[in-house]
Amino acid sequence: MATTDRQATTLALAHALSAAERGLAVIPLSRTKLPALRSPHREDPVPSACHGECGRLGHGVYDASSDPARIRELFAAAPWATGYGIACGLPPHHLIGIDLDVKTGTDSSSALRELALRHLFTIPPTVVVVTPSGGRHLWLSGPPDVVVPNSAGRLAPGIDIRGAGGYLVGPGSRTGQGVYAAAPGSAHLAPAPCPRSLLRLLLPPPRAHHPTPPATGGHGQGLVQFVLAAHEGQRNTRLFWAACRAYEDGIGPALVDALVEAARSTGLSEREARATIASAARLTGDRP
């Protein structure tokens, strides 16, 4: 490993340990911003729903810890890591990340200001992390009894939300695009409470319940549960696999709505979910 890479890993570990001192659970990240440790189940013939129960490392955000010994163990297993991710939705902060992107050609900061004016909220002073592309991550603290889902562009174009099951790239991380850094004057702050009006916008609207049709039986329920257990990075893969199994077993058409609802609950849009299911139908020789 080059000296610069070793230095980046050492710095990433130091920043990760510093974040842990503030009660934040962390995992090592590679230069691609993805978890540095690969899944121990990647060769399994059937996608695994394991979240670390097997006792091995490599379960993404489910490996996240604020224990210094555990963090050192994670980084020792991933000496190529150059950054760290901060898990959202966990105590004590129940972190919610507002990702204001600039790469989409939209003015996400203006969109957030418009939402604030329309819904009568203000973003209090809080931690702000500047991304290499010039975007910003706003850190907010959510209530312990509310689960905020991950979403992309649902709030407004260019605004992504990192909630339960997601993570934020921590300040001090080095990626292929550059270094993430805390904005001046914000590093010492604690994540500010999320304004109630904004919190309501972050939660998905109530949806009509579409139970799995009785004709699909327990197998159909199992496929739906398999999709519901997906976290960021697995959602499309799990949905596609479950839809393929459903069509191969002759219950695909009856299970479409239940699979779509399950996928939406993990953060996919209805359009993405239906497109993925349609691809599975075509692959198996059926028609959506």
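Start with the whole chain in view: its 288 residues would, as a compact globule, have a radius of gyration near 19 Å, and the protein has 20 Å, which agrees. That radius is taken over C-alpha atoms, and the globule rule is 2.2 Å times the number of residues to the power 0.38. You are looking at a predicted model, in which local features need pLDDT of at least 70 and side-chain atom pairs count only at pLDDT 80 or more, while totals for chains, interfaces and linings use all residues. Residues are numbered from 1 along each chain as its sequence is written, and side-chain values use heavy atoms, with hydrogens and water left out.

**The overall view**

Switch to a cartoon and you should find eight helices and twelve strands. These are DSSP runs numbered from the N terminus, with helices being H or I of at least four residues and strands E of at least two. Along the principal axes, the C-alpha atoms fill a box of roughly 60 × 50 × 35 Å.

Now colour by accessibility. Buried residues make up 47% of the 288; here buried means under 20% relative accessible area, exposed means over 50%, and partly exposed is in between (1.4 Å probe, protein chains only). On a surface view, the protein exposes about 14,100 Å², of which carbon and sulfur atoms supply 56% (Shrake-Rupley method with a 1.4 Å probe; for residues, only the protein chains shown count as cover).

A contact map is worth a look too. Among contacts with a separation of 6 or more, 72% are between residues 24 or more positions apart, where contact means heavy atoms within 4.5 Å.

**Stop one: strand β2**

Select residues 83-87, which form strand β2. Are they buried or exposed? Five of the five are buried, so β2 is largely enclosed by the rest of the structure. Show the side chains to see the two faces: G83, G85 and A87 lie on one side, with Y84 and I86 on the other.

Next add the pairing partners of β2. Two strands pair if DSSP finds at least two bridges between them. Strand β1 (residues 26-29) is antiparallel to β2 over four bridges, and P28 stands opposite Y84. Strand β8 (residues 167-169) also runs antiparallel to β2, joined by three bridges. To find that pairing, centre on A87, which stands opposite Y167.

**Stop two: strand β7 and its hairpin**

Move to residues 159-162, strand β7, which is joined to strand β6 (residues 151-156) by three antiparallel bridges. A152 stands opposite D160 in this pairing, and S151 has I161 as its bridge partner. β6 and β7 form a hairpin with two residues between them; pick G158 in the turn and check its positive phi of about 85 degrees.

Which residues point each way from β7? I159 and I161 go one way and D160 and R162 the other, and all are buried. Then bring in β3, which pairs with β7 in the antiparallel sense over four bridges. Here I98 has I161 as its bridge partner.

**Stop three: T106 and S109**

T106 is found in the loop between β3 (95-100) and α3 (108-119). T106 is partly exposed, at 30% relative accessible area. Leaving aside neighbours within four places in sequence, T106 is in contact with D101, P157 and G158. Draw a C-alpha to C-alpha distance from T106 to P157: they are 6.7 Å apart in space and 51 residues apart in sequence.

Step on to S109 in helix α3. S109 is buried, with a relative accessible area of 18%. Beyond neighbours within four places in sequence, S109 is in contact with L100 and R136.

**Stop four: backbone checks**

Most residues other than glycine have a negative phi, and most peptide bonds are trans. With that in mind, select P91 and P92, which are joined by a cis peptide bond with omega about 5 degrees. P92 is found in the loop between β2 and β3.

Then go to K33, whose phi is positive, near 75 degrees. K33 sits in the loop between β1 and α2 (68-77) and is partly exposed, with a relative accessible area of 26%.

Finish at L120, which has a positive phi near 60 degrees. L120 is in the loop between α3 and β4 (128-130), and at 74% relative accessibility this residue counts as exposed.
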